[in-house]
Each structure stands twice: as structure tokens, then as C-alpha cells.
Amino acid sequence: MELEEMKLAWNDMSKRVEKQEILNQQIIEKMTKNQYQNNLKKIALPEYIGTIICYLGAAYLSVNVPKLEEPLIQLFGVISIALLLVLPIISLQSIRAMKKVNLSSHTYLETIQIFGKQKIRFQKLQKLNISLGLFLMVIGVPVLLAIKGISLDPTPLFWMLYFPLGVMFFLGFSYWTLKYYNKALKATEKMLAEVNE
């Protein structure tokens, strides 16, 4: 009789331990998902703000570029508008791809591999965005000057001093942004690897 009671108690305890392990695993998965999403928000928020700025810039140029008389400046304006509309899409698509990584439908090893691929893709797209942003700056400045009615010819100080300083600022800011994004991505990757251990 005692042996049977011990077996029942043992089975009951085993079931409880099993339920506790399942519950613990679910809690870990939920915490991992929350931390994963929070790390990606650190990247997504600046990109959303940048998207709003780009679209406001595109709207401003769309209103003013048709008023310009010089065909080359109008062409630069149209290209600038197109870049201002496309650049945010590139960034937001790459962030969306990382957000879509389903942590619960893959093993952790698969998740880390998928995240690694998306991270590399995101970093490549950010570098592309920086290159296109620099190109936008080069062609956008003459458009903005023309909209303001400032002639490009009698402004050597602008082209020799202010514009190069603007390019250096842009490149410095881009470097800082990439560093910030890479830090957030490394933290996310580390978190995923720690959960896998």
C-alpha cells in the first residue's frame, strides 16, 4: 500500500515539475520576445523619425521644385524627391524583416542564424542609405539654394567651406548612427545566444 502511495506521489511530483519546466520555458520565451522587440525599438524609433523628416522634405520639394526655371536644377529636385521617398522604405523594410523573426517557431540556433542574416542585410542597407544620403546632399543643396533664390556662382565660400563641413558632419553623424545601431544589434544577438545556452 505504501509503495503504491509513493508511486502516486512520485508521479504527481513529476507532473508538477514538468508543468513548472513548461511554465518556466514559456516565461523565458515571453521575456526573450519582449527584450528582442525592445532592442529593435531602439533602432526603429530613430528610423520612424527620419521617415517623417524625409517625407516632409519630399513634400516641401514637391511644392517648390515646379517653380524652378533651370531644367538641371528641376531634374536634381525630382531625383531628390525620389530619394527622400525611397530611403525610408529601404530602412523600414529591413527593420520589418528583423521584427518578423519568429522566436517561437524556430529553434534558438535557427533564430540566431536568421537574425544574423537579417542583421547583415540591415547593415548593408544602412550603408547603401548613407551613400544615397550623401548623393542626396550633393544634388539637394543646389535645389534648396535655388528655391531660396540664392545663386550658385558667387558663393565660393559656401562650396569651399560650408559644404565640406556639412559633408563631414553628415559622415560623422552617419558613423555615430551605425555604431549605435550595431551596439543594439550586438546586444540582441548576445541576448539570443544567452537564451540558447
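**Exercise 1: the nonpolar cores**

Task: In this predicted model, find which residues have the most contacts inside the largest nonpolar core, and work out which elements contribute to that core.

Solution:
- Start with the core itself. The largest nonpolar core holds 15 residues, and Y36, I43, M98, F115, F122, L185 and L192 have the most contacts inside it.
- Next, sort by element. Two or more residues of this core come from each of α1 (2-64), α2 (71-99), α3 and α4.
- Now pick the top contributor: α4 gives the most to this core, five residues.
- Don't stop there, though. A second, separate core has 14 residues, including A58, L61, I81 and I147.

**Exercise 2: the overall layout**

Task: Describe the order of the elements in the protein, and say how much of the protein is buried.

Solution:
- Count the elements: the protein has four helices and zero strands.
- Read them off from the N terminus, and you get α-α-α-α.
- Check burial over the 197 residues of the protein: 34% count as buried.
- Look at contacts between residues at least 6 apart in sequence: 81% of them join residues at least 24 apart.
- Finish with the surface. The accessible surface comes to about 13200 Å², with 67% of that belonging to carbon and sulfur atoms.

**Exercise 3: the salt bridge**

Task: Search the whole structure for salt bridges, then explain which parts the pair K119 and E189 ties together.

Solution:
- The search turns up one salt bridge.
- As background, side chains of opposite charge can pair when their charged atoms come close.
- Here the partners are K119 and E189, whose closest N and O atoms are 2.8 Å apart. That fits the cut-off of within 4 Å.
- Place both residues: K119 sits in helix α3 (residues 108-147) and E189 in helix α4 (residues 156-196), so the pair ties together parts 70 residues apart in sequence.
- Is each partner buried or partly exposed? K119 has 13% relative accessibility, so K119 counts as buried. E189 has 24%, so E189 counts as partly exposed.

**Exercise 4: the aromatic rings**

Task: Count the aromatic pairs, then classify the pair F169 and F173 and the pair F173 and W176.

Solution:
- Remember what you need: a pair of aromatic rings is described by the distance of the centres and the angle of the planes.
- The count comes to five aromatic pairs.
- Take F169 and F173. Their ring centres are 6.3 Å apart and their planes meet at 20°, which is under 30 degrees, so this pair is stacked.
- Locate them: both lie in helix α4, four residues apart, or about one turn of the helix.
- Check their accessibility. F169 is exposed, at 62% relative accessible area, while F173 is partly exposed, at 45%.
- Move on to F173 and W176. The centres of these rings are 5.9 Å apart and the planes are at 35°, so the pair is tilted.
- F173 and W176 are three residues apart in helix α4, so about one helical turn separates them.
- W176 has 51% relative accessibility, so W176 counts as exposed.
- Zoom out to the cluster: ring pairs link F122, F169, F173, W176, Y180 and Y181. One of these, F122, also turned up in Exercise 1 among the residues with the most contacts inside the largest nonpolar core.

Terms used: Residues are numbered from 1 along each chain as its sequence is written. This is a predicted model: local features need pLDDT of at least 70, side-chain atom pairs count only at pLDDT 80 or more; totals for chains, interfaces and linings use all residues. Side-chain values use heavy atoms; hydrogens and water are left out. A salt bridge is a side-chain nitrogen of Lys or Arg within 4 Å of a carboxyl oxygen of Asp or Glu. Buried means under 20% relative accessible area, exposed over 50%, partly exposed in between (1.4 Å probe, protein chains only). Contact means heavy atoms within 4.5 Å. Accessible areas come from the Shrake-Rupley method with a 1.4 Å probe; for residues, only the protein chains shown count as cover. Rings of Phe, Tyr and Trp (its six-membered ring) pair if their centres lie within 6.5 Å; planes under 30 degrees apart count as stacked, over 60 as edge-to-face and the rest as tilted. A nonpolar core is a set of buried Ala, Val, Leu, Ile, Met, Phe, Trp, Tyr and Cys residues joined through side-chain atoms within 4.5 Å.
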